[in-house]
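Grab a pencil and work through these exercises with the structure open beside you. Try each task before you read its solution.

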Amino acid sequence: MGVDAMTLYRLAHGLKKRGIPLLPAVLRKAIYYLHSSYIPEDAEIGEGTQLGYGGIGVVIHKAAKVGKNCLISQQVTIGGRSGLEGAPVLGDYVRIGAGAKILGNIRIGDFAVIGANAVVLKDVAPGTVVAGVPAKVIRQDPDPLTTYQREMGLLPPRAPLSAVPPPASMRQ
């Protein structure tokens with residue numbers, strides 16, 4: 001298995017923070033040629049964030065901020081809009097489907113889910129699922145943490161009903 005775009009980004013970002021001038025630019029070019037992605041070393045990407053399929057086709061604005069433990073699928077664009085200042089800010093545990101576009105100076109709340117090929121042009125509240133062009137709210141989750149844990153397989157599996165003994169009043 002080869003080196004994914006996120007590993008190269010983390011290396012470039014660390015070198016940039018240490019003041020090494022040339023090597024981060026070389027790594028950014030390596031990301032571009034190996035993964036057809038643009039992930040600048042200036043972007044702030046939180047720990048635990050993963051790129052689907054090694055980061056194929058992902059474009060991230062240099063001023064964008066991505067929270068911790070996000071999942072960004074392939075062909076996603078997180079960028080600015082012509083004529084408008086600023087870049088997107090993503091919260092923690094955000095999941096973005098393949099081909100989605102998050103554009104402009106907007107905020108995506110914690111535990112939000114962006115559907116595949118959605119075009120997000122407005123802020124997304126925490127725990128909200130959006131989809132479509134332009135993106136519209138599909139569902140607002142009252143308990144996003146539990147939903148996230150269940151969907152990501154982090155909760156213990158429930159015992160099947162046949163494994164649960166009947167109450168004492170029903171036994172013969």
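## Exercise 1: Glutamate 41 and its partner

Glutamate 41 has a relative accessible area of 6%, so it counts as buried. Keep in mind that this is a predicted model.

**Task.** Which residue forms a salt bridge with glutamate 41, and where do the two partners sit?

**Solution.**
- Step 1: Look for the partner. Glutamate 41 forms a salt bridge with arginine 28, and their closest N and O atoms are 3.0 Å apart.
- Step 2: Place both ends. Glutamate 41 is in the loop between α2 and β1, while arginine 28 belongs to helix α2; the pair links distant parts of the chain, 13 residues apart.
- Step 3: Check the cover on the partner. Arginine 28 has 22% relative accessibility, and buried means under 20%, so arginine 28 counts as partly exposed.

## Exercise 2: A second bridge from the loop

**Task.** Which parts does the salt bridge between aspartate 42 and lysine 16 tie together?

**Solution.**
- Step 1: Find the contact. The side chains of aspartate 42 and lysine 16 meet in a salt bridge, at 3.5 Å from N to O.
- Step 2: Locate the ends. Aspartate 42 lies in the loop between α2 and β1 (44-45) and lysine 16 in helix α1, so the pair ties together parts 26 residues apart in sequence.
- Step 3: Look at accessibility. Aspartate 42 is partly exposed at 38%, and lysine 16 is partly exposed at 40%.

## Exercise 3: The buried side of α2

**Task.** Which residues of α2 are buried, and what do they pack against?

**Solution.**
- Step 1: Get to know the helix. α2 covers residues 23-35 and reaches 18 Å from its first C-alpha to its last, close to the 18 Å expected.
- Step 2: Pick out the buried residues: Pro24, Leu27, Ile31 and His35.
- Step 3: Peer down the axis. The buried residues of α2 fall within an arc of 60°, so they line one face of the helix.
- Step 4: See what that face meets. The buried residues of α2 pack against α1 (5-17).

## Exercise 4: A hairpin and a network

**Task.** How do β13 and β14 pair, and which residue of α3 does arginine 139 bridge to?

**Solution.**
- Step 1: Strand β13 (residues 128-131) and β14 pair in the antiparallel sense over four bridges.
- Step 2: Four residues separate the strands in this hairpin, and glycine 132 in the turn has a positive phi of about 105°.
- Step 3: Arginine 139 forms a salt bridge with glutamate 151, with the closest N and O atoms 3.7 Å apart. Arginine 139 is in strand β14 and glutamate 151 in helix α3 (residues 144-151).
- Step 4: Salt bridges with shared partners join Arg95, Arg139 and Glu151 into one network.

Notes
Residues are numbered from 1 along each chain as its sequence is written. This is a predicted model: local features need pLDDT of at least 70, side-chain atom pairs count only at pLDDT 80 or more; totals for chains, interfaces and linings use all residues. Side-chain values use heavy atoms; hydrogens and water are left out. Helices (H or I, at least four residues) and strands (E, at least two) are DSSP runs, numbered from the N terminus. The expected span of a helix is 1.5 Å times one less than its number of residues. Buried means under 20% relative accessible area, exposed over 50%, partly exposed in between (1.4 Å probe, protein chains only). The arc is that of the directions from the helix axis to the C-beta atoms. Contact means heavy atoms within 4.5 Å. Two strands pair if DSSP finds at least two bridges between them. A salt bridge is a side-chain nitrogen of Lys or Arg within 4 Å of a carboxyl oxygen of Asp or Glu.
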